[in-house]
Amino acid sequence: MKIAIIAESFLPEMNGVTHSLLKILQYLDARGDDVLVIAPSTLQDAPAVVEGATVRRLPAIPLTGYRNIRIAVGGVRRVKVLLAEFNPDVVHLASPFVLGWRAVRAAAALGIPTVAIYQTDVPGYAAKYGLTYLENWAWLRVERIHSAATTTLAPSSDSVNKLRGHGIPECNSGAVVWTPKGFTPVSAVHNSAQTLHPVAPRSLAMWDGWRWRSKCRTWRCWRTSQIPNSSLWVTARNGQPLKRPCRKHISPASSGSGLGGCHGFL
């Protein structure tokens, strides 16, 4: 199968989206699929081939205040040309927002089906920081992208319900689960111990890709005690331990935080 992946960010920038894509590329390479990655350009040296996939770069500029985050610039035409040259069977939109918006229109013009992955809650971040006007604009962009996509995969039932509430009917819960044999794609994962237990009966690995307090708070809501015979280990970005005050919320002794059973930090 020929698969085109549109990445809002990619190597050498390491974040949750990049980590997910690297695992997807490993999986697709093992299957023998032909993969093209389209991503923003970078000022640093970056490989032209990653896990067997060819990487094509588009001109990009740094995001104001975040030099490591680069935003692809240009119109739909350039993306359409790259897709037409590769002629994929399907286009995978990884956390689409800027480049993904152009890609979903380019794919539609070429008659190529698209799968959009709702991985980054941009409207949620805007709301958290009190930027109501940006939240409304962000939801408008999200609605347009995911309504145009053939289907959307979201990481949780909560995300699915939120997207459907914004008029996006073709939305399902999808995930990649870690088992002793590695990362295993599953078609649907529900938030229940009954579903997770058969997939990973002995270990559950979770990690925090960033050291932002806003993300660390999510750990307090995860009750590992509900999952039989499971172990929880936490890592931070680049293998660095979480800084206080985040670390105290997920320490092995902090059973009152909702993470009793945390075995430690990797």
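Where is proline 12 placed? Proline 12 lies in the loop between β1 (2-7) and α1 (16-31). The model described here is predicted. A cis peptide bond links leucine 11 to proline 12. The omega angle of this bond is about 10 degrees. Most peptide bonds, by contrast, are trans.

Glutamate 13 belongs to the loop between β1 and α1 as well. Its relative accessibility is 13%, under the 20% limit, so glutamate 13 counts as buried. Glutamate 13 and glutamine 44 are 31 residues apart along the chain. Their C-alpha atoms are separated by 9.5 Å.

The overall composition comes next. The protein has 266 residues, and 41% of them count as buried. Its secondary structure comes to nine helices and 15 strands. Contacts with a separation of 6 or more can be split by distance along the chain. Of these, 59% are between residues 24 or more positions apart.

One helix pair was examined in detail. Helix α2 spans residues 76-86, and helix α3 spans residues 99-110. The two pack at an angle of about 55 degrees. Their axes are 8 Å apart. An angle of 55 degrees falls between the parallel limit of 35 and the perpendicular range that starts at 65, so α2 and α3 are oblique to each other. The crossing of α2 past α3 is right-handed. On the α2 side, the contact is made by Val76, Val79, Lys80, Leu83 and Ala84. On the α3 side, it is made by Leu99, Arg102, Ala103, Arg105, Ala106, Ala107, Ala109 and Leu110. By class, ten of the contact residues are nonpolar and three are charged. No polar residue takes part in the contact of α2 with α3.

Two residues outside glycine stand out by their backbone angles. Most residues other than glycine have a negative phi. Glutamate 51 has a positive phi, near 50 degrees. Glutamate 51 sits in the loop between β3 (49-50) and β4 (53-58). Its relative accessibility is 33%, between the limits of 20% and 50%, so glutamate 51 counts as partly exposed. Asparagine 87 also has a positive phi, of about 55 degrees. Asparagine 87 is located in the loop between α2 and β7 (90-94). Is asparagine 87 buried or exposed? Asparagine 87 has a relative accessible area of 52%, over the 50% limit, and is therefore exposed.

Threonine 120 is in another loop, between β8 (114-117) and α4 (122-128). With a relative accessible area of 29%, threonine 120 is partly exposed. Valine 17 is 103 residues away from threonine 120 along the chain. The C-alpha atoms of the two are separated by 8.2 Å. Threonine 120 is in contact with Val17, Ser95 and Tyr125, when neighbours within four places in sequence are left aside. Serine 95 also forms a side-chain polar contact of 2.8 Å with threonine 120.

Which helix holds histidine 146? Histidine 146 is part of helix α5 (residues 132-148). Its relative accessibility is 2%, under the 20% limit, so histidine 146 counts as buried. A polar contact of 2.9 Å runs between the side chains of histidine 146 and threonine 152. Residues up to four places away in sequence are not counted in the contacts of histidine 146. On that basis, histidine 146 touches Pro96, Ala116, Ile117, Tyr118, Thr152 and Ile168. Thr152 is thus named both in the polar contact and in the list of touching residues.

Serine 159 lies in helix α6 (residues 157-165). At 12% relative accessibility, serine 159 counts as buried. The side chain of serine 159 makes a polar contact of 3.2 Å with that of serine 156. Beyond its neighbours within four places in sequence, serine 159 is in contact with Tyr118 and Ala154. Tyr118 is touched by histidine 146 and is in contact with serine 159. Tyr118 therefore joins the contact lists of a residue of α5 and a residue of α6.

Methods
Residues numbered from 1 in each chain as written. Predicted model: local features only at pLDDT ≥ 70, side-chain atom pairs only at ≥ 80, totals over all residues. Heavy atoms only, no water. Axes fitted to C-alpha atoms, helices over the stretch in contact; angles between N-to-C directions. Helix = DSSP H or I, 4+ residues; strand = E, 2+ residues; numbered from the N terminus. Parallel < 35°, antiparallel > 145°, perpendicular 65-115°, else oblique. Left-handed = near helix turned anticlockwise from the far one by under 90°. Contact = heavy atoms within 4.5 Å. Nonpolar A, V, L, I, M, F, W, Y, C, P; charged D, E, K, R; others polar. Buried < 20%, exposed > 50% of the residue type's maximum accessible area, 1.4 Å probe, protein only. Polar contact = N/O pair within 3.5 Å; in protein donor to acceptor, adjacent residues only side chain to side chain.
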